[in-house]
Structures are given as structure tokens and as C-alpha cells.
Amino acid sequence: LGDGSIDKKYLQPFYTNSNIDLIKEFADNMEHVFGVKPRIWIQTTGNFNGKKSKWLQRFNSMEDIPKDYQIGLFYPKICGVLLHGIFGPFAYGKNKQITEQIKNANKEFKIGLIRAFFDDEGSINSSSHTMRIFQDNKSILEGIKYLLSEFNIRTNPIRFYIKKNKKRHYFNITGFGEYDTFNRIIGCTSSKKKQQFELLINKVKNSKYFRNRYKDYLRRVTPILGQ
């Protein structure tokens with residue numbers, strides 16, 4: 001739903017990222033569930049000029065991949081067929097959605113989905129107290145907001161800005177209670193995001209404004225974090 005897709009024609013799952021932690025996590029999960037290893041390719045990063053990137057070279061091992069390259073993982077058709085069989089048509093190429101099967105999945109799965117989506121499409125900045133989730137597809141953001149509400153994590157309204165003549169949608173998550181609950185229940189894999197979470201939570205927690213509202217915070221989040 002984030003930096004991946006299932007090919008519309010051949011139903012082959014694909015995932016791409018320059019963050020090696022996320023790449024390894026995806027590959028480990030796919031091998032654990034399906035027992036298959038990916039075809040690994042690299043391409044140059046920073047393709048913001050509208051030109052289509054070309055895949056440069058195939059690798060047999062993660063350890064052989066040089067730094068500062070975009071990494072792509074490719075999987076066989078049977079994996080895409082099974083994923084759609086379980087979760088419905090949630091990803092056909094660029095057409096993605098939060099299906100009813102996803103909404104009816106167990107909470108452990110939903111936590112994993114939100115976590116992975118935030119790793120791909122989210123940002124957190126302790127200096128500006130900003131936690132944001134992006135996605136061009138507004139309906140997917142609405143679905144993520146719905147899933148977050150099941151964990152009593154409040155989100156701000158969806159807004160947009162224009163970039164390269166295209167609407168880019170996003171919503172923010174604000175407030176110590178939301179930061180802390182998200183970090184404890186959902187979390188993230190990206191080491192950079194983990195560091196920013198810790199800095200942000202400590203900064204807000206040590207503020208005079210928060211200390212005056214600490215009892216209200218505990219009253220609201222204790223039942224949530226105790227689940």
C-alpha cells in the first residue's frame with residue numbers, strides 16, 4: 001500500500017525502498033510467510049525530474065548491495081494471487097484501497113499494516129513537533145485514519161497541497177497522548193523515525209504545558225496502553 005505494488009497484469013508483488021532496514025524486514029516477512037526469496041535489483045535514487053528510472057543491476061544477496069541505491073524486491077505471481085485471495089483486491093498496480101477484508105482482520109495484522117505504512121509514507125520531526133502521514137490517494141488515508149481510530153489514536157483532518165500540479169494529501173497526528181500511544185502500540189522499523197519519536201516524546205513530556213496536563217493524559221491513555 002505504500003512503496004510497493006502488485007503488478008496489475010502479472011500479479012507479481014514488488015517492493016522498493018532505499019532504507020535497508022525496511023527492505024530486509026519485507027524480505028524476511030515474505031520468506032517467513034511464503035518461503036520464497038526475492039529477485040533483488042537496484043536503481044539510482046533521487047529520480048525527481050519525472051523521468052522513469054532504469055534498473056541497473058541484479059544482486060543475489062542483500063550484503064552485496066552498495067549504499068545509496070534504491071532497492072527493488074520482486075516476487076512470483078503465486079504470492080500476489082494468495083495475497084488478493086486473503087485480503088481482496090487491495091493493490092492492483094497503482095489502484096490501491098483498504099478493503100473490507102483488511103478492516104475485518106485481527107488487531108495484530110492491523111498494527112503491522114499501519115506500522116509498515118507509516119515507515120513508507122510517514123514522517124516525524126521532533127524540532128517542529130510534526131508527525132505526518134502522506135498519500136496521493138485520499139481514500140487510503142481515510143482507511144488508515146479508520147484503522148488508527150480502533151486504537152483510540154486521534155488524527156487531524158486530511159488536507160492537501162499542490163506539488164507539480166498534483167494534489168498531495170496528508171494528515172497530522174498531534175499531542176503527546178497520540179505520539180506516545182502510537183509509539184507504544186504501533187511503532188516503526190526505521191531507525192531514524194525511532195530516534196525522532198524518542199526525541200519528540202521526551203521534548204513534549206518535559207514541557208511545562210504537558211506537566212500541567214499529565215493527569216488528564218494518564219486518565220485517557222492508561223486503558224489503551226493496558227490492552
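In the predicted model, Lys-37 and Glu-31 are joined by a salt bridge, with 3.0 Å between the closest N and O atoms. The two partners fall into separate classes of accessibility: Lys-37 counts as exposed because its relative accessibility is 61%, whereas Glu-31, at 34%, counts as partly exposed.

A further salt bridge is formed by the side chains of Arg-168 and Asp-136, for which the N to O distance is 2.8 Å. This pair links distant parts of the chain, since the two residues are 32 residues apart: Arg-168 belongs to strand β11 (residues 166-172), while Asp-136 is found in the loop between β9 (130-135) and α5 (138-149). With a relative accessibility of 30%, Asp-136 counts as partly exposed.

A salt bridge within a single helix is seen for Asp-180 and Arg-184, whose closest N and O atoms lie 2.8 Å apart. Both residues are part of helix α6 (residues 176-186), where a separation of four residues corresponds to about one turn of the helix. Asp-180 counts as buried, because its relative accessibility of 6% is under the 20% cut-off, whereas Arg-184 is exposed, with a relative accessible area of 58%.

Apart from individual pairs, salt bridges that share partners join Asp-136, Lys-166 and Arg-168 into one network. In total, seven salt bridges are counted in the model, among them the pair formed by Lys-37 and Glu-31, the pair formed by Arg-168 and Asp-136, and the pair formed by Asp-180 and Arg-184.

Notes. Residues are numbered from 1 along each chain as its sequence is written. This is a predicted model: local features need pLDDT of at least 70, side-chain atom pairs count only at pLDDT 80 or more; totals for chains, interfaces and linings use all residues. Side-chain values use heavy atoms; hydrogens and water are left out. A salt bridge is a side-chain nitrogen of Lys or Arg within 4 Å of a carboxyl oxygen of Asp or Glu. Buried means under 20% relative accessible area, exposed over 50%, partly exposed in between (1.4 Å probe, protein chains only).
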